[in-house]
Every structure is written in structure tokens, then in C-alpha cells.
Amino acid sequence: MIQEETVTAKDSAENTEGKADLWIRFLLWREKHIKEKSFVIVLAFLTGLLGGIAALLLKFLIHIISSSITENISVTGANYMYLVYPFIGIILTTLYVKFFVKDNISHGVTRVLYAISQNKSRLKPHNMYSSVIASAMTIGFGGSVGAEGPIVATGASIGSNLGQLFKMSPRILMILVGCGAAAGIAGIFKAPIAGVLFTIEVLMLDLTTVSVMPLLISSITAATLAYIFTGYDLEFFFVQSEKFVTQRIPFVILLGISCGLVSLYFTRVMNMMENFFKKKLKSQWQRGLIGGVLLAVLIFLFPPLYGEGYSSINELLGGAPSSIVDSSMFYSDGNNNWFILLFIGCIVLFKAFATSATNGGGGVGGTFAPSLYVGCMTGFFFAFLLNTFIAPGIGLSTKNFALMGMAGVMSGVMHAPLMAIFLTAEMTGGYDLFLPLLIVSTISYGTIKLFEPYSIYTMRLARRGELLTHHKDRAVLTLLKMDSVIEQDFIKVRPEMNLKQMVDAISRSNRNLFPVVDSEGTLLGIVLLDEIRNIMFRPDLYKRMHVRRFMSAPPAKIEINESMEKVMKTFDDTGAWNLPVVDNGKYIGFVSKSKIFNSYRRVLRHYSDD
């Protein structure tokens with residue numbers, strides 16, 4: 001029996017080895033017969049196809065879960081099950097992530113940005129499905145977040161793992177990650193142009209002759225798949241019943257400023273709540289309990305906060321503001337204009353709390369849909385307030401301003417004005433409002449930039465110096481890793497060594513610099529050959545002079561975890577050519593300006609190769 005099992009295990013191992021050899025032979029054949037640029041197009045198509053399928057699957061799962069548990073919800077009164085469903089969703093998601101995924105999958109877009117800048121565009125295989133399942137449970141049960149962040153992480157992971165499977169270089173992996181992200185946006189919104197612009201503005205990939213075609217192919221493939229399976233209906237139903245006239249431009253400018261300030265509020269509240277959940281609540285179960293309770297109470301009071309909130313957007317774009325109070329305890333106040341205004345204003349204020357409570361409590365979702373949602377409410381609130389209470393005869397179109405608000409707040413929160421403009425137009429068909437969309441989006445972006453230099457996705461990485469941007473110098477320095485530029489062929493000396501021992505060390509070294517360390521490896525100083533040249537040939541001093549007398553302090557010390565941009569600034573400030581690298585004071589090695597320049601040129605050539 002044991003012998004049979006041994007033979008079976010041996011056959012299985014040989015089988016696996018044979019498959020691996022076959023795959024290697026295929027890869028060698030591909031390298032010989034298919035050019036890399038042509039093969040990238042094939043991979044981009046596959047990424048778009050799989051990314052589109054993932055987007056369709058995620059939308060289907062959210063719809064199935066949400067519709068099945070809310071089909072008996074009353075429209076004309078309070079629904080106490082809203083106090084239960086969101087809490088269940090957060091608990092289920094927490095259990096799934098903790099016991100099945102066993103990895104942190106929150107902040108999907110930020111994780112993709114980190115993979116691009118710090119991990120050679122490599123994402124883990126489980127990211128191809130884990131975010132889909134987790135976000136479907138979170139949103140289906142009422143989590144006040146969007147599906148777009150998870151689908152971006154899913155699509156990017158599909159592109160990354162396809163590239164890794166075919167042993168593509170980090171430069172191609174970066175393009176495929178962008179292709180997957182574009183496919184996710186295009187597939188879930190039926191917006192191929194917005195998918196490409198998202199990759200350029202949010203993920204900050206450069207649009208080069210190598211990347212433009214793969215990005216377009218992935219995005220178009222995913223959008224086409226969405227049209228085939230879900231029809232040609234737009235994501236949001238919008239009919240422009242009132243033409244836009246140039247006399248409305250001053251109000252459009254005011255709306256742009258308002259959207260910028262609302263974006264700032266949304267971003268600041270999200271950061272404040274994230275810090276609260278992360279730093280004040282150490283236990284995941286504490287976070288789940290507090291996040292779940294806060295979310296459930298907010299949804300009970302304001303049912304439009306349930307899930308992505310796309311039905312509420314459709315109601316406002318359709319000109320039916322009274323339906324915003326459906327399924328709430330305030331149903332009877334649906335014809336009171338003052339109350340509708342107050343209700344929508346509260347939704348704008350509390351949406352950020354609901355979104356951060358969902359994510360902070362353990363749910364998985366993005367801020368993409370919430371920014372659209374808040375923008376729609378802001379635009380409607382702005383026009384409704386002016387029409388009804390401030391200047392009743394002005395006649396602003398609440399539908400048009402709600403649409404403009406979507407572009408405005410998204411532009412401000414994501415720092416992506418072009419994507420916001422095209423996404424809003426593609427989702428609604430509102431191309432006739434292109435000029436006001438441009439104005440609102442641009443002014444909102446300019447307003448928030450006065451206060452926040454980075455988007456809600458990039459600020460975490462920017463603070464740590466790990467953000468890849470369109471700025472070539474900073475991008476290349478971000479891609480450089482400290483490990484690759486540290487040199488360790490320096491002979492260490494001790495402070496108690498005499499001059500004779502120092503001269504012996506010099507004779508064995510091909511360097512003119514010597515780190516002085518103690519018995520525990522702590523860097524105490526350095527010895528420069530030029531500074532002891534006048535005494536090193538005096539035998540009478542060999543026994544009397546010790547290293548501690550002629551060692552000097554280095555111009556600066558570089559910590560092992562410092563960003564390369566900060567390292568270069570240190571070199572500029574000190575004028576040094578070599579600086580020691582330490583880890584909490586412990587000597588690691590030296591980094592030289594010439595080594596950084598050589599590595600810089602290598603990385604720049606590699607990632608700029610068209």
C-alpha cells in the first residue's frame with residue numbers, strides 16, 4: 001500500500017514537472033515567434049474580457065443580494081430591518097476576509113497604486129476574486145460604498161497575474177495593471193473613455209505609444225461585453241428637458257466652487273473617520289460593532305444611504321425629488337419643499353460618515369460611487385435652494401445641476417477632472433451639457449487643490465513618499481529601491497583601533513572611506529582617507545593614535561526606510577557624494593550619488609522604452 005502511494009506521488013510530481021517544462025517551451029516559442037508589442041495586445045484583450053466578466057458578475061451579485069432582502073421593504077413608512085441588514089453585511093464580510101482571504105483587501109485603488117510604485121506591479125492571485133465576493137456582500141446588505149474600487153482592484157489583479165503568468169517585464173506588468181483597471185471601470189459603467197482616463201489621471205500611468213493601444217482595447221472590450229449582456233441602456237436615465245443657456249454660467253461657476261468645498265468636506269471626514277477606526281479602535285470586532293451600528297442608524301434615518309444609492313440618483317435626474325423620502329419615517333413630509341431640502345442636505349453631510357463607517361467597520365467598497373452620489377445631491381440641493389427659497393423666478397434646471405454636481409464632486413474627490421467629465425457624460429448621455437460639465441469639474445478641482453494637493457486615493461502613499469506620478473524625476477525615484485543602491489564593500493573599523501591597525505585596514509580596502517562602529521554595530525562616525533593621509537606614514541604615531549581621535553561625523557545619515565526623493569534632497573543639502581545608511585542607528589552600508597545616478601538612468605531607460 002505504501003509502495004503504491006509512493007509511486008502515485010512520484011507520477012504526480014513527474015506530471016507537474018512535465019507541464020512546467022511544456023509551459024516553459026511555450027514561453028520560449030512565444031518569445032521567438034510573437035513580438036512583445038503584439039503579445040501585449042493579446043494580453044490586453046484577455047484582460048478586458050476577464051475584467052468585463054468580473055464587472056458583470058459583481059453587479060449581478062449585488063443586485064441579487066439587495067433585491068432579495070429588500071423586496072418586502074415598505075415605501076410608505078419606517079423599515080426597522082434597515083437596522084439589521086447593514087450590520088449583517090459587515091459581519092459576513094469581516095468573517096470572509098478574516099478566515100478565508102486572510103489578507104487586507106480594503107482601499108482597492110490605493111493598493112493598486114502601491115503595487116505599481118513599490119511592488120513592480122505585482123498583485124496577489126486572490127485579488128482576482130476576493131474583492132468581488134467581499135464587496136458584493138457589503139453593498140448587497142446595504143454598505144454605503146461603491147463597487148468601483150473593488151472592481152478596479154480586481155481588474156488590475158487580473159492584468160497583473162496574466163502578465164506574471166507569461167513572465168512579462170515590470171514595465172509591461174504596469175501597462176496590464178492599467179488595462180485591468182480601465183476594463184473594470186468601462187465594464188461596470190459602460191464608459192470606455194472614462195476607463196482610459198481613470199488609468200491616466202488616478203493611477204497616473206503615462207499615455208505612451210506602447211500603452212495607448214492596450215488601454216483602449218481593454219476598455220472597449222469590457223464595455224462591449226457590458227452592452228452585449230445588459231443592453232444599450234445607460235447607467236443613469238437622464239433626459240435633458242431644458243436647454244442650457246449661457247446666462248446660467250455664473251451659477252455654474254458657483255456650483256463648481258460649492259462642489260470643491262463639498263469634496264474637501266468629504267475627503268476630510270473620510271480621513272478623520274479612518275484615523276478614528278484605525279487608531280482608536282484596536283480590535284476588529286470593536287470596529288465592526290461601532291461601524292455596523294453607526295451605519296445601520298444612518299440608513300434607518302436616511303434610507304437613500306443604503307448601498308450605492310443609484311436609485312436615488314435616477315430619481316433626482318428624473319425630476320422626482322419627493323421620492324427621496326420613500327421607505328423612511330419621514331414619508332409623510334414628501335411634499336414639503338423645506339423638508340426635502342433639509343433631508344437632502346443631511347444626506348450630503350452624512351454620506352461620508354456612512355461610507356467611512358462601512359469601510360472602517362470591516363466592509364469592502366470604494367469611494368467612487370459615494371462621490372458621484374454626493375455630487376448629484378449637491379447639484380440638486382444647489383438648484384432647488386435657489387429656485388424655491390432664494391430666487392424663485394430664476395428657473396434653474398434641478399436635473400441639469402444634479403448632473404453637473406456629479407462631475408464636480410467626483411473631480412474634486414478624485415482629482416480627476418477629465419475622467420469625471422467623460423464618465424458623467426457616458427453614464428447619462430448628457431453630452432449636450434459638455435460645456436457646463438467642463439466648467440464645474442475644472443473649478444471644483446481647482447478649489448480643492450488649494451487645500452488638498454492629493455486625492456483621497458493618493459494622499460496615504462504621498463505622505464510616505466511611495467506615490468508614482470506623472471513627474472518623471474519623482475516617478476523614477478519612487479521606482480528606485482534603497483536595497484538596489486546600498487553598497488556594503490566598506491571595511492568597518494572600531495574606535496579603539498590604533499593607527500597601525502587603521503593602516504592595515506586601508507591596505508586591504510579599495511575604498512577611501514571607512515565606517516566606525518562599536519561592538520553592537522552602531523555607527524559612531526567615519527574615517528576619510530584624505531583626512532589622515534598626513535599621519536598614516538608616521539610610524540611613531542602608530543601606537544599612540546587611535547581611530548576615535550581622527551574619526552569625524554558624517555554630513556548626514558540616511559535611514560533605511562527613507563524615500564529616494566528624500567535621499568536625493570539630503571545629498572543636495574549636504575553636497576556629499578557618499579552617505580551612510582542606518583537602521584535605527586545600526587550601520588547597514590553606504591549609498592553614493594553616482595550609484596543612484598546610474599540606477600536612475602537604468603530605470604528611466606527601462607520604463608521609457610517605446
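The points below describe a predicted model, from its overall make-up to its pockets, a buried acid and its salt bridges.

1. Overall make-up. The protein has 610 residues, and 55% of them are buried. Its secondary structure comes to 24 helices and six strands. Taken along the principal axes, the C-alpha atoms fill a box of roughly 100 × 70 × 50 Å.

2. The largest pocket. This pocket holds about 1,300 Å³ of space. Its lining is made of 48 residues, and those nearest the centre are N104, I105, S106, H107 and R111. Several helices give two or more residues each to this lining, among them α3 (85-101), α4, α6 (148-165) and α10 (249-280). The list also includes α11 (284-301), α13 (337-361) and α18 (459-463). By class, the lining divides into 22 polar, 14 nonpolar and 12 charged residues.

3. Helix α4. One of the helices that contribute to the largest pocket is α4, which runs over residues 108-118. Most of this helix is covered, with nine of its 11 residues buried. The buried positions are G108, V109, T110, V112, L113, A115, I116, S117 and Q118. Just after the helix, K120 takes a positive phi of about 55°.

4. The cavity. How many cavities of 30 Å³ or more does a search of the whole structure find? There is one, and the volume of the largest cavity is about 30 Å³. Its lining consists of I105, S106, H107, G108, G149, P150, V364, G365 and G366. Three of these residues are classed as nonpolar and six as polar, with no charged residue in the lining. I105, S106 and H107 are also among the residues nearest the centre of the largest pocket.

5. The second largest pocket. About 1,100 Å³ of space lies here. The pocket is lined by 35 residues, and H63, S66, E308, Y310 and S311 lie nearest its centre. Two helices, α2 (36-70) and α12 (310-317), each supply at least two lining residues. Of the elements involved, α2 gives the most, with eight residues. The lining has 15 nonpolar, 12 polar and eight charged residues.

6. A buried acid, E148. This residue is in helix α6. What is the nearest side chain of opposite charge to E148, and how far away is it? It is K59, at 8.1 Å; E148 is buried and has no salt bridge. E148 does have polar partners. Its side chain makes a polar contact of 2.6 Å with the side chain of Y310, a residue that is also among those nearest the centre of the second largest pocket. In addition, a polar atom of the E148 side chain lies 3.1 Å from the backbone nitrogen of A369.

7. Salt bridges in general, and R171 with E36. Side chains of opposite charge can pair when their charged atoms come close. The count for this model comes to 12 salt bridges. One of them joins R171 to E36, with the closest N and O atoms 3.3 Å apart. R171 lies in helix α7 (residues 170-189) and E36 in helix α2, so the pair ties together parts that are 135 residues apart in sequence. The two partners differ in their surroundings: R171 is buried because its relative accessible area is 11%, whereas E36 counts as partly exposed at 32%.

8. Two further pairs. E496 and R494 meet in a salt bridge of 3.7 Å, N to O. E496 is partly exposed, at 43% relative accessibility, and R494 is partly exposed as well, with a relative accessible area of 34%. D530 forms a salt bridge with R533, where the closest N and O atoms are 2.5 Å apart. Here D530 counts as exposed because its relative accessibility is 54%, a value over the 50% cut-off. R533, at 43%, is partly exposed. Elsewhere, salt bridges that share partners join E487, D489 and R511 into one network.

9. R508. This residue lies in helix α20, which spans residues 499-508. Is R508 buried or exposed? It counts as exposed, since its relative accessibility is 60%. Its C-alpha atom is separated by 8.3 Å from that of I491, a residue 17 positions away along the chain.

Key: Residues numbered from 1 in each chain as written. Predicted model: local features only at pLDDT ≥ 70, side-chain atom pairs only at ≥ 80, totals over all residues. Heavy atoms only, no water. Buried < 20%, exposed > 50% of the residue type's maximum accessible area, 1.4 Å probe, protein only. Helix = DSSP H or I, 4+ residues; strand = E, 2+ residues; numbered from the N terminus. 1 Å grid on protein atoms, 1.4 Å probe; cavity = no way out; pocket = protein on both sides within 12 Å on 5 of 7 lines; lining within 4 Å. Points joined across faces, edges and corners; volume = space filled by probe spheres on them. Nonpolar A, V, L, I, M, F, W, Y, C, P; charged D, E, K, R; others polar. Lys, Arg positive; Asp, Glu negative; His and termini not counted. Salt bridge = Lys/Arg side-chain N within 4 Å of Asp/Glu carboxyl O. Polar contact = N/O pair within 3.5 Å; in protein donor to acceptor, adjacent residues only side chain to side chain.
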